[in-house]
Each structure stands twice: as C-alpha cells, then as structure tokens.
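Reader: I am new to this structure and would love a close look at one part of it. Could you pick a place to start and walk me through what lies around it?

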Amino acid sequence: MKRHYNIVVSGRVQGVFYRASTKQMADLLGVKGFVLNLTDGTVYIEAEGDEAALVKFIQWCHHGPDRAEVTHVSVRESDVQGFEIFESRR
C-alpha cells in the first residue's frame, strides 16, 4: 500500500546539495514526489511509495548529505497524490 508524507527538514540544509542528494536517494529507493527549498531556509519534501522505502528515506532525511547539519525533521502523513517521478524543484 502506498503512503504519502510531507516532510520539512530544518538546519543547514540549503547550499549543501541536500535537494540533489534527496533526489538521488529517492530514485535509489523508488520513492516518488518532489523536493524544494523554502524561503525560510528549510527543505520541503513530498514523498510517496511503499512503507519500507519511505522508512529508509525518512531515516536518510535525518542526516542528509555530508555537508548538511540537520537539526529537525517534521513528518506528516497526507493523501497519496499519485506522483510518477521524483523531481528537484526550484
């Protein structure tokens, strides 16, 4: 069964290749959705897929790429949107 999560990542997560790395991890795990930088310095992600892949994906979000310094990850379940790809949005 597919699940959908809205994820907000706080900390030093912009300018450290967080979006590009998130797309790579999503593609590796088969997660669909998107990632984008918000004006408040956080990263916003909508991710959907099977529960096992999403658990691994969310675990990865808690540390991100090497240069990131994640201080908080907020995860909220939402309605499945039916995304077909994962994209990095500007």
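**A helix and the strands around it**

Author: Let's start with helix α1, on the face turned away from its buried side: there you will find the exposed residues Gln-24 and Leu-28. Please keep in mind that this is a predicted model.

Now turn to the other side of the helix. The residues of α1 that are buried are Tyr-18, Arg-19, Ser-21, Thr-22 and Ala-26. If you look down the axis of α1, these buried residues fall within an arc of 160 degrees, so they line one face of the helix. As for its dimensions, α1 covers residues 18-29, which makes 12 residues. From first C-alpha to last, α1 reaches 16 Å, close to the 16 Å expected at 1.5 Å a residue.

What do the buried residues of α1 pack against? Their partners are the strands β1 (2-12), β2, β3, β4 and β5, together with helix α2 (51-61). Just after α1 comes Gly-30, with a positive phi near 80 degrees.

From here, let's step on to β2, one of those packing partners. Strand β2 spans residues 32-37 and pairs in the antiparallel sense with β3, residues 43-50, over 6 bridges. Within this pairing, Phe-34 has Glu-46 of β3 as its bridge partner. The hairpin of β2 and β3 has 5 residues between the strands, and in it Gly-41 takes a positive phi near 95 degrees. β2 also pairs with β5, residues 86-89, this time in the parallel sense and over 4 bridges. There, Gly-33 has Phe-86 of β5 as its bridge partner.

Phe-34 deserves a longer stop. A search of the whole structure turns up 4 aromatic pairs. In one pair, the ring centres of Phe-34 and Tyr-44 are 5.9 Å apart and the planes stand at 55 degrees, so the pair is tilted. Phe-34 belongs to strand β2 and Tyr-44 to strand β3, so this pair ties together parts that are 10 residues apart in sequence. Phe-34 has a relative accessible area of 6%, under the 20% cut-off, so it counts as buried. Tyr-44, at 18%, is buried too.

Phe-34 forms an edge-to-face aromatic pair with Phe-83 as well, at 5.8 Å centre to centre and with 85 degrees between the planes. This pair links distant parts of the chain, 49 residues apart: Phe-34 sits in strand β2, while Phe-83 sits in the loop between β4 (69-78) and β5. Phe-83, like Phe-34, is buried. Ring pairs thus join Phe-34, Tyr-44 and Phe-83 into a cluster. Over the face of Phe-34 lies Arg-89, at 3.8 Å from the ring centre.

Phe-83 leads us to one last residue. Lys-2 touches Phe-83, along with Gly-49 and Val-80, when residues up to four places away in sequence are not counted. Lys-2 is part of strand β1. Its relative accessibility is 43%, between the cut-offs of 20% and 50%, so Lys-2 counts as partly exposed. Lys-2 and Gln-81 are 79 residues apart in sequence, yet their C-alpha atoms are 9.9 Å apart in space.

Key: Residues are numbered from 1 along each chain as its sequence is written. This is a predicted model: local features need pLDDT of at least 70, side-chain atom pairs count only at pLDDT 80 or more; totals for chains, interfaces and linings use all residues. Side-chain values use heavy atoms; hydrogens and water are left out. Two strands pair if DSSP finds at least two bridges between them. Helices (H or I, at least four residues) and strands (E, at least two) are DSSP runs, numbered from the N terminus. Rings of Phe, Tyr and Trp (its six-membered ring) pair if their centres lie within 6.5 Å; planes under 30 degrees apart count as stacked, over 60 as edge-to-face and the rest as tilted. Buried means under 20% relative accessible area, exposed over 50%, partly exposed in between (1.4 Å probe, protein chains only). A charge sits over a ring if NZ of Lys or CZ of Arg is within 6 Å of the ring centre and within 35 degrees of the ring normal. The expected span of a helix is 1.5 Å times one less than its number of residues. The arc is that of the directions from the helix axis to the C-beta atoms. Contact means heavy atoms within 4.5 Å.
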